[in-house]
Amino acid sequence: MRPARAPGRGVPGTLAVPALALLIALTVTAALLAAVGASPGRTYLTMLEFGLRPDSLVSAVNRSTIYFFAGLAVAVAFRMNLFNIGVEGQYRIAALLAAAAGAAVDLPGPLHLTVVCLVAMLTGAVWAGIAAVLRTWRGVSEVLSTLLLNYVATAVIAYLLAEVFAADSVTGSTPELPPSARLPVLDGLPALFGLPLPAGVHLGGAALGAVVFGVVVHWVLTRTLYGHDLKISGLNPTAARAHGIDPRRMILITMLVSGGLAGLAGLPDLLGNTYRYGMDFPSGAGFTGIAVALLGRNTPLGIALSALLFGFLERSALILDIQGIPKEIVTIMQGVIVISVVVAHEVVRRMERRRTARLVREGTSPAASEPAGPAA
Amino acid sequence: MSATIPRLPRLPRLPRRRWSRWARRPRVWVPAAVVVLLAMSAIRTFGGTEALTGSGVVSTALRLAVPIGLAGLSGLWSERAGVANLGIEGMMIIGTVCGAWAGYTHGVWAGVLAGVLGGVAAGLLHAVVTVTFGVDQAVCGIAINILAVGVARFLSVIAFSDLPGAGATQSPPVKGVIGTVSVPLLAGGWGTPDILGQLEQSRWFLISDVSGILRGLLHEVSWFTLLAVALILGSVLVLWHTAFGLRLRSAGEHPAAADSLGVRVHLMRYCGVLVSGGLAGLAGAYLVTVSSNVYREGQTGGRGFIGLAAMIFGNWRPTGTAGGALLFGYADALQLRQAAAMHTLLLLAAVLLWTAAIVVLRRRPRLAAALALLGAIALAVFQTTDSIPTQLIYATPYLTTLLVLVTIAQRLRMPAYVGIPYRRGDS
Amino acid sequence: TTGNGAAAGPASGKDGAAASKIAVGVAYSRGGRGDKSFNDSVGAGVDRAKAELGVPVKELSPNAAGSDLEEVLRLLAETGHNPVLAVGFFYAQPLTKVAPAFPRTQFVIIDDATVKLPNVTNVAFREEEASYLVGAAAALKSATGRIGFIGGVQTPPQESFLAGYAAGARKINPKIHLSSVFITQPPDFSGFSSPDKAQEAARGMYDSGADIVYHAAGASGLGVFQAAKAAGKWAIGVDVDQRKTVDPELADVILTSATKELDVAVLRVIQEAAAGKAVYGLREFGLKEEGVAYATSGGGISDIAPRLEEIRKQIISGRITVPAVP
Amino acid sequence: MSPHATSEPGRPPLVELRHISKRYPGVVANRDMNLVVHPGQIHAVVGENGAGKSTLMRILYGEEQPDGGEILLNGEPARLRSPADAIAAGIGMVHQHFMLAENLTVLENVILGAETSRWGLLDRRSSRRVLREVSERYGLDVDPDVTVERLGVGQRQRVEILKVLYRGARVLIFDEPTAVLVPDEVRALFESLAGLRERGLAVIFISHKLDEVLAVSDHITVIRAGTSVGDFATSEADSRLVSRLIIGGELPAPATRDRTGGGQVALRLRGLRTDAVTEATLEVARGEILGIAGVEGNGQSELIEAIMGIRGTSAGSVHITGRDATRLDTRHRRRLGLACIPEDRHRQALALPATLWENIMLGSGELRRRSRWRVDRKAARDVTGELIARLGVKAPSPDVPAAALSGGNQQKLVVGRELGGRPAVLLAAHPTRGVDVGAQAVIWELLRDARDGGLAVLLVSADLDEVLGLSDRVQVMLRGRLSAAVPAGELTPQRLGRLMTGTETEPADPAVEVR
Ligand SMILES: Nc1ncnc2c1ncn2[C@@H]1O[C@H](COP(=O)(O)OP(=O)(O)OP(=O)(O)O)[C@@H](O)[C@H]1O
Ligand SMILES: Nc1ncnc2c1ncn2[C@@H]1O[C@H](COP(=O)(O)OP(=O)(O)OP(=O)(O)O)[C@@H](O)[C@H]1O
Ligand SMILES: [Mg+2]
Ligand SMILES: [Mg+2]
């Protein structure tokens, strides 16, 4: 027999959630805008118009790759019920060491790039690994340890920058990375779609990396034994343990993977934009990553979409200042969207569960007639 | 039915749970405190540095601990009712804006009240989304943090940017101040002699230190601090000694059981989250009325999260939370006031780590080895350097917390149903 | 005696025609306007330019994470603003990317000397010189031989304040005891908005015998003044004459302030642009250019004024070199 | 053992449910249901899994609102909108799954919702006194100040009963109270129930175990497909009649089949020692079922976990199919051919929110072996679909979450899964607990077939009939110690009961006797 496929909600149902959520968010912000005397319609139009310019799109994508990696890192841990608040510290310390390593060695192109990426992933993994070890060894909640390690990372970075890596630099940064350690730009891609980019605006190569990693992570999560075991361990650690999935090992591996992905979050900026790590290196992506992961329901595709949404909103916010509209409205919008998406999702989920329950009752499988008591 | 089975003898009384006895037993905490005190005193006497136990450091620690403790208490009320609250930071931010605005227009106590109300409003949002809609509590908390940053900016632009001495990110000063009290006789209140102060000056071994610590806690204490202490004790009383408290906790321990006994789980959770919001708002109000007298963007500085850490540290109990907040406040105070003493502190750390190692040696040899190793590292660093880089001093409070957690984490127990939405019939 | 800005009065009313042709763009530093500190000082110059020259000005601020600095600059340049002012050293890196893309736009970066491009003007202040003077003042006025310094966030510009202050104090009293604290480490910039922590740090310094504390902690400085008030001791302000801007109740604890004439510099740059002058390269403002100074209001330092003036002249003449790194 | 119902003619019944109906989306749980309960009566309600028993009780306890019909209490119509209403009306319920907060003390669990206060503060002292009184009156001894977490199953049940009695309930509802109890606890429970009956209380009692029902109740109501199909005094009933009413067929009972022959030893324990097990020594051969009988809490759970490699051992050895597995972890032991039906399926066997095929994937050694590190979804779905069809599991597809299935169906899947990998050794702990008679028969049959196919089964059960009916040999576990193996045929339930409680001891050294 070929059993019926998953009782999905179909395309209209899938679209209902974001549509509903967006509607709520737009209504709330419209009310706020009206309250300060700005025209909501005009504001939205301006944002849309500006946000859809080719260079805006490219900028939104560039920004979203950072959030994507950060979100992915959070999500992988979440699958195992681990809350990695420490992506922030992990990606910053990873970026610092990657920058230092990249500047210190001289290798031919792709190899150089690979080394820098590996250093970043390794550093992120090690930093997250501290929390994993504390958790498996002493039962320290990873929520706490990763949070505290963020502050420790800040101190360590400041120290390393000041005393080791940038001790004699005027700018207080690591030396600039040579071209061989930089990510290529993908300007051909927008050109392919006929989007002209102004001088100096580039689509970063990290976007391609994000796609690759997204696919790989998706594949690992859904198509490998590790992904399966991860999911089960997250849902029921006791059962997983009884079936030979060692929870400590899973926690360790998962935090390492999460930290490794977090390590990548600093690279789009480092290898495609600043080329060096200094005091002015952009921060905060780790926290945004949490929101992005939660909004994206911990799946790579969802995270990609929510990262793009965040990137788009932040980019469009720029134009509001020019128009004299308080751009904090965009931050509010982000918060409202996160809440309304989960609320909308919950509502739809409840409806769906009721449907599944009905299916279980009605769609009895063919051979399942009442078991006649087999004579002993 | 096997009718032949005879009745078993009465069941033996079970021993109480070990960890709670451990935590409550004075036999463990008192020696620990004495060891710490002795070590500190010795370092002051022989190390030649300024006192780690001076009343100035202690009172600074107390002042820095109050917002953290209130944030922790906020988390405690929410989590005891079964709702994780990661939005404390955001609720505090709302508390600071509202508090500063009302404090400017109507005086300082109005500011306190407005801070609480602002926090309650944010708590209400959290309650509606997590309790009524049953949405993932972590998501909502994080969203509230994002939202609060935007809302605070939005409000401060509207409320403050045109006022004299204020701007888009800063409020005008709050009107009036919240006074302080000193305990008479002991700490020189009401013009009486300051006995502890004199003892502290004496520089006698141990006596001077104890006096310093006590004076720090009794001299010029803000009324707001007293309010916070009252709230800690009040929380113990309400949550553990009233019917309401039992019901509220039952909503966090086993909502289905509570429901089946007629407890209104959703109502209890609403109460917990609203009180949580109010306390977070209060913590924010403290920042704009006592810590300083203005609202500044970014003023909360992650204290909402540190409060959560203090709560977990304190095993979801008010007194423990207060202890965690004090520890944190103390480490922060040292970092701000006595950065130079941090180097000496390495020596203290080494002594304490070795003491801990000896204590756990028989039960947990591997932990003992790790602690001893850390102690040796601390000593080695102490020997080979003569100051700690300022950048690293910044990490002290956080490292201290981590270190203490490593020792006590396994005794912690959170309410069983935190984070799990309750709907009747969900099993 | 000091350059409180009077000397730099604008050659006003020069010509309205030239002014109307330009539109100034200003990109503020993190935090944006309303910070009662760095950004607002720049803002004051911008406001004067608007009022006195009648030039249209567009002011933008980056987001809190500082991840859109480059885009802010680009947007201002793109929308035809010229000159574009980039406020703060954070813009150094983004500017190296944006400036070449808009060769016809003149960029001005404030508080940075590292970006060297044909269409970029660097406006830099030698804060360490003013700090040197207030350091000397502190050493002269201190009765206990102990003084303090409180910085907001430990960055190179902040460290130059400390370096000048320490050098100035040691010049007067080589054995002076100086304790210093930075409240936070980057990228935790909350050190600039933590009056409570600054207050506790200052209390600690006063408690351990210091009688003068200099702060370079932006809005956190308020806490230093409160602590000084409570302890009945002196504090030294920064950036503007804080005796005039702070809450009147706290004003009398302020011995002096190390000022930095941001508004004057900004106004002057805009003026020159309006006049059609294309100025690029480094514009340094030190004691000599009267871009930095110390405040004399309140009369707290009138007794030592001759001595300070002497040192000031020595710095200007180059006989004293002020270190910028500790 | 069951005195007759004491329904007095003139007085109205305590509880009367008339024409109750309740529908959930897609299913009618109750239709036109009637139930009359008199004071001083133990009233049994029996029926298949999913027949609607719990639903009816939840309606009576105010947890669910009926779609139709009426409830009469003492002859008066009543509306029970919430448990609070029901409690006020004198109804109390002991749920199928315990409703106890583990981190709270017994006292707190009992007084919750019915607290007494003085000066606004909890009056723990007087509550404790009342609780002591109640527990002495009914012989339910529990320490009020210990946290529930530290209590065993039997004691937890006492707390549940105390909760109800503390509130002065006149009608007590027990939903499958014996499913998790061992014989002596069952007996203690029934003694308590008899005490309640004597005091004129009414007890409604749901069970799948017909012998218990016949032994303890005064009156029986049989429910099938949501409606009452039989209602009679217990004295008029016998097990054939009741079981026929329940499933419309004969009661399947475990009956020993001839052993197909003891093969080589597949599982061998030598002097295994854990914190609760002393010197466990046993051998299970291929094609054999070895039953471990014992009062729960004597180390059975620990023994199973030690064999699985989940719990550490301090001495002794484990050999699986001749290989020393003492130092191996769970994963590698499973790879040697070990499989396990754990005692608590929700905790140890299934990830409820995951789909059926994912759950099969979790435990199917065959699938895991085959997929190496890539998941073969198609294979997993096919295997699951095949299991569903073969075992008659009520599920529309392998893609529904496990949570959507009823307990019996979940258990069938678990058994099918563990057997699916063709293991050499199966540990089966309480394999039919909480499962209705139909599913029970299927599971027994599966075990027997596997045994006949050469599987070595170690069966742990608290159900004497199950142990005696399925096992080839039986060992008794008492205070962590295993007795010698005795052929099942030589044991009577009575003798086994004495062995389990230690009233009779087996002298021989097991290691000697087994060989
Ligand atoms: N909350 C609910 N939502 C939907 N369906 C439900 C709900 N509760 C019970 N059902 C369904 O109603 C029917 C009757 O369930 P009920 O729990 O009363 O059975 P039961 O006789 O107690 O079974 P068991 O012997 O397994 O405990 C079942 O089909 C069950 O799946
Ligand atoms: N008989 C089996 N029963 C259950 N799971 C099995 C079985 N055989 C293999 N597996 C599972 O298949 C997966 C892959 O097996 P494989 O032998 O490649 O593991 P491995 O990681 O190489 O093991 P090891 O660490 O022992 O070398 C493992 O997760 C293992 O748990
Ligand atoms: Mg039931
Ligand atoms: Mg059942």
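Reader: Before I look at ligand 2, what counts as a polar contact here?

Author: A polar contact is a pair of N or O atoms within 3.5 Å. Keep in mind that this is a predicted model. With that cut-off in hand, take D:Arg335: an N or O atom in its side chain is 2.9 Å from an oxygen atom of ligand 2. The side chain of D:His332 also has an N or O atom 2.4 Å from a ligand 2 oxygen, and for D:Arg331 the corresponding distance is 3.2 Å.

Reader: How much of the area that ligand 2 exposes when taken alone does the protein bury?

Author: Taken alone, ligand 2 exposes 620 Å², and 68% of that is buried by the protein. Two elements of chain D each give two or more residues to the surrounding shell: helix 10 (330-335) and helix 13 (365-371). Helix 10 of chain D supplies the largest share, four residues.

Reader: Which residues should I click on to see what is around ligand 2?

Author: Start with A:Leu225, then go to chain D for D:Arg331, D:His332, D:Arg334, D:Arg335, D:Gly365, D:Arg368, D:Arg369 and D:Arg372. Because residues from chains A and D surround ligand 2, the site is shared between chains. By residue class, the shell has six charged, two polar and one nonpolar.

Reader: Where does ligand 2 lie with respect to the domains of chain D?

Author: It lies between domain 3 (252-337 + 423-515) and domain 4 (355-422) of chain D, because both give residues to the shell around ligand 2.

Reader: Let's turn to charge pairs. How many salt bridges does the structure hold?

Author: First, the general idea: side chains of opposite charge can pair when their charged atoms come close. Over all chains, the structure holds 65 salt bridges. A nice one to inspect joins C:Lys260 and C:Asp111, whose closest N and O atoms are 3.1 Å apart. This pair links distant parts of the chain, 149 residues apart. C:Lys260 sits in strand 10 (residues 254-260) of chain C, while C:Asp111 is in the loop between strand 4 (107-110) and strand 5 (120-125) of chain C.

Reader: And the surface: which residues make the nonpolar patch on chain B?

Author: To be counted in such a patch, a residue needs over 30% relative accessible area and no salt bridge. Here B:Leu373, B:Leu374, B:Ile377, B:Val381 and B:Leu403 make a nonpolar surface patch of about 400 Å².

Reader: Which helix gives the most to the nonpolar patch?

Author: That is helix 16 (residues 365-384) of chain B, with four residues. B:Leu374 is found in this helix.

Methods. Residues numbered from 1 in each chain as written. Chains lettered and ligands numbered in written order. Predicted model: local features only at pLDDT ≥ 70, side-chain atom pairs only at ≥ 80, totals over all residues. Heavy atoms only, no water. Near = heavy atom within 4 Å. Polar contact = N/O pair within 3.5 Å; in protein donor to acceptor, adjacent residues only side chain to side chain. Areas by Shrake-Rupley, 256 points an atom, 1.4 Å probe, with all protein chains shown as cover. Nonpolar A, V, L, I, M, F, W, Y, C, P; charged D, E, K, R; others polar. Domains from an automatic or database assignment. Patch = residues over 30% accessible without salt bridge, like charges linked within 9 Å, V, L, I, M, F, W, Y side chains within 5 Å. Salt bridge = Lys/Arg side-chain N within 4 Å of Asp/Glu carboxyl O.
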